[in-house]
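Please open your viewer and get ready to select a few residues at a time. Each stop on this tour tells you what to pick next and what you will find there.

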Amino acid sequence: MTRRLTIAAAQLGPIARDESRRDVVARMEAMMRQAHARGAQLVVFPELALTTFFPRWFFEDQADIDAFFERDMPGPETQPLFDTARELGIGFYLGYAELTTQNGHTRRFNTAILVGDDGRIIGKYRKIHLPGHDEHEPWRPFQHLEKRYFEIGDLGFGTWNAFDSTLGMALCNDRRWPETYRMLALQGAEIMMLGYNTPIHYPPIPAHDHLQGFHNHICMQAGAYQNGMWVVSVAKAGVEEGCRLLGQSSIIAPTGEIVAMTTTQQDELLIHDCDLDQTREIREHIFNFALHRQPQEYGLITASALHG
């Protein structure tokens, strides 16, 4: 019997800096209910979905930064998402800024969680490939200070068995690195869920601005095909606090084909009935890891020294 999972990609339009979490969560709840009504079993939200994309600003006061972070998940303002999941029997992926204390030290991560249809957290991922810079660069029209505000994720690339499938998580810039897909595929991931916030303008190389949509999809389509997995990528889109964000949320098949893509810059749902066994068409033939890979020849990939 063919295994199928109906997935919703829940793109969010702009979130203003002064928009409350309560209001954002209400938008997300409404999308969960719409997704459920259309038969979805799992909803994927964007990266840092609860607030505006705050790394675009340089803050000197740590309290101003920490106001964008979640100390508990779920917390009082996010509990409705978990209650709705349990009520509807629908799961979700959520990206958010996580503040936690470990061994007496405060740590901050760009995080995503997978929540089951019972409202319980199944798994957590902390972003590994942090883009941007770590010091204020006033020449930029907006900052990209992820390296300043977050630590590199310390949980590695994990997979979880849920929804009759094997799922992995990633965040934004992770999609540009082939190692992300391969690490998940080597653990059997059939679906990679990914949320992102991607500005159209790239200040260091503005000549690439017109390629943002192309680059967004080419890396995910290649990763899906070369690893035989579904990729569900979900954007925060539109003009947010003066910064134009790329939309084009998409669901990509294991063949590398885009089977669904958003057409607006606002809150928008994509729904697709994913054939999980389609992964086998690639993994048992074109990219049969056991038959064709030669890992003994790949040492440079993980060598600590740079090679020119």
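The tour visits two sheets, then the pockets and a cavity. Keep in mind that this is a predicted model.

**Stop 1: a sheet of six strands**

Start by colouring the strands of an open sheet whose order is E5-E4-E3-E2-E1-E14. There are six strands here, and their pairing is mixed. Which strands stand at the edges? They are E5 and strand E14 (268-275), each of which pairs on one side only. Turn the view a little: neighbouring strands of this sheet are turned by 35 degrees against each other on average, direction ignored.

Now add helix H1, residues 21-37, which packs on this sheet. H1 touches strand E1 (4-11), E2, E3 and E14, and its direction makes about 40 degrees with that of E14. Next, show helix H3, residues 79-88, which also packs on the sheet. H3 touches E3, E4 and E5, and the angle between its direction and that of E3 is about 145 degrees.

**Stop 2: strand E3 and its partners**

Select strand E3, residues 91-102. Of its 12 residues, 10 are buried, so to speak of E3 as mostly covered is fair. Begin on the side of strand E2 (residues 42-44), which runs parallel to E3 and is joined to it by three bridges. To see one pairing, pick Val43: its bridge partner in E3 is Phe92.

Then look to strand E4, which runs antiparallel to E3 and is joined to it by 11 bridges. Two pairings are good to click on. Glu98 has Phe109 in E4 as its bridge partner, and Thr101 stands opposite Thr106 in E4. E3 and E4 form a hairpin with two residues between them. In that turn, select Asn103, which has a positive phi of about 50 degrees.

**Stop 3: from strand E4 to strand E5**

Stay with strand E4, residues 105-115. How many of its 11 residues are buried? Eight are, which leaves E4 mostly covered. Strand E5 (residues 121-126) runs antiparallel to E4, with five bridges joining the two. For the pairings, select Thr111 with Arg126, which stand opposite each other, and Ala112 with its bridge partner Tyr125 in E5. The hairpin of E4 and E5 has five residues between the strands, and Gly119 in this hairpin takes a positive phi near 80 degrees.

**Stop 4: another six-stranded sheet**

Hide those strands and show an open sheet in the order E6-E7-E8-E9-E12-E13. Its six strands have mixed pairing. Strand E6 (159-162) and strand E13 (258-261) each have a single partner strand, so one side of each is left without a neighbour in the sheet. On average, neighbouring strands here are turned by 20 degrees against each other, direction ignored.

Zoom in on strand E12 (residues 250-252), which pairs with E13 in the antiparallel sense over three bridges. Select Ile251, and you will find Ala260 of E13 as its bridge partner. Then add helix H6: H6 lies across strand E8 (191-196), strand E9 (230-235), E12 and E13, running at about 30 degrees to E12.

**Stop 5: the pockets**

Keep H6 in view, because two pockets come next and H6 (212-227) is one of the helices that help to line the second largest.

For the largest pocket, select Pro131, Asn173, Arg176, Tyr202 and Gln212, which lie nearest its centre among the 23 lining residues. About 520 Å³ of space lies in this pocket. Its lining has 10 nonpolar, 10 polar and three charged residues.

For the second largest pocket, select Pro178, Glu179, Arg182, Arg293 and Ile301, the lining residues nearest its centre. In total, 19 residues line this pocket, and its volume is about 390 Å³. Helix H5 (178-185) and helix H6 each supply at least two residues of the lining. By class, nine of the lining residues are nonpolar, five polar and five charged.

**Stop 6: the cavity**

What lines the largest cavity? Select Leu48, Ala49, Leu50, Thr51, Phe54, Phe68, Glu70, Tyr96 and Ala97 to see its lining. The space in this cavity is about 40 Å³. Seven of its lining residues are nonpolar, one is polar and one is charged.

Key:
Residues are numbered from 1 along each chain as its sequence is written. This is a predicted model: local features need pLDDT of at least 70, side-chain atom pairs count only at pLDDT 80 or more; totals for chains, interfaces and linings use all residues. Side-chain values use heavy atoms; hydrogens and water are left out. On a 1 Å grid over the protein atoms alone, a cavity is a set of points where a 1.4 Å probe fits but cannot get out, and a pocket is an open set with protein on both sides within 12 Å along at least five of seven lines; lining residues have an atom within 4 Å of a point. Grid points are joined across faces, edges and corners, and a volume is the space filled by probe spheres set on the points. Ala, Val, Leu, Ile, Met, Phe, Trp, Tyr, Cys and Pro count as nonpolar, Asp, Glu, Lys and Arg as charged, and the others, Gly among them, as polar. Helices (H or I, at least four residues) and strands (E, at least two) are DSSP runs, numbered from the N terminus. Two strands pair if DSSP finds at least two bridges between them. Axes are lines fitted to C-alpha atoms, for helices over the stretch in contact, and angles run from 0 to 180 degrees between N-to-C directions. Contact means heavy atoms within 4.5 Å. Buried means under 20% relative accessible area, exposed over 50%, partly exposed in between (1.4 Å probe, protein chains only).
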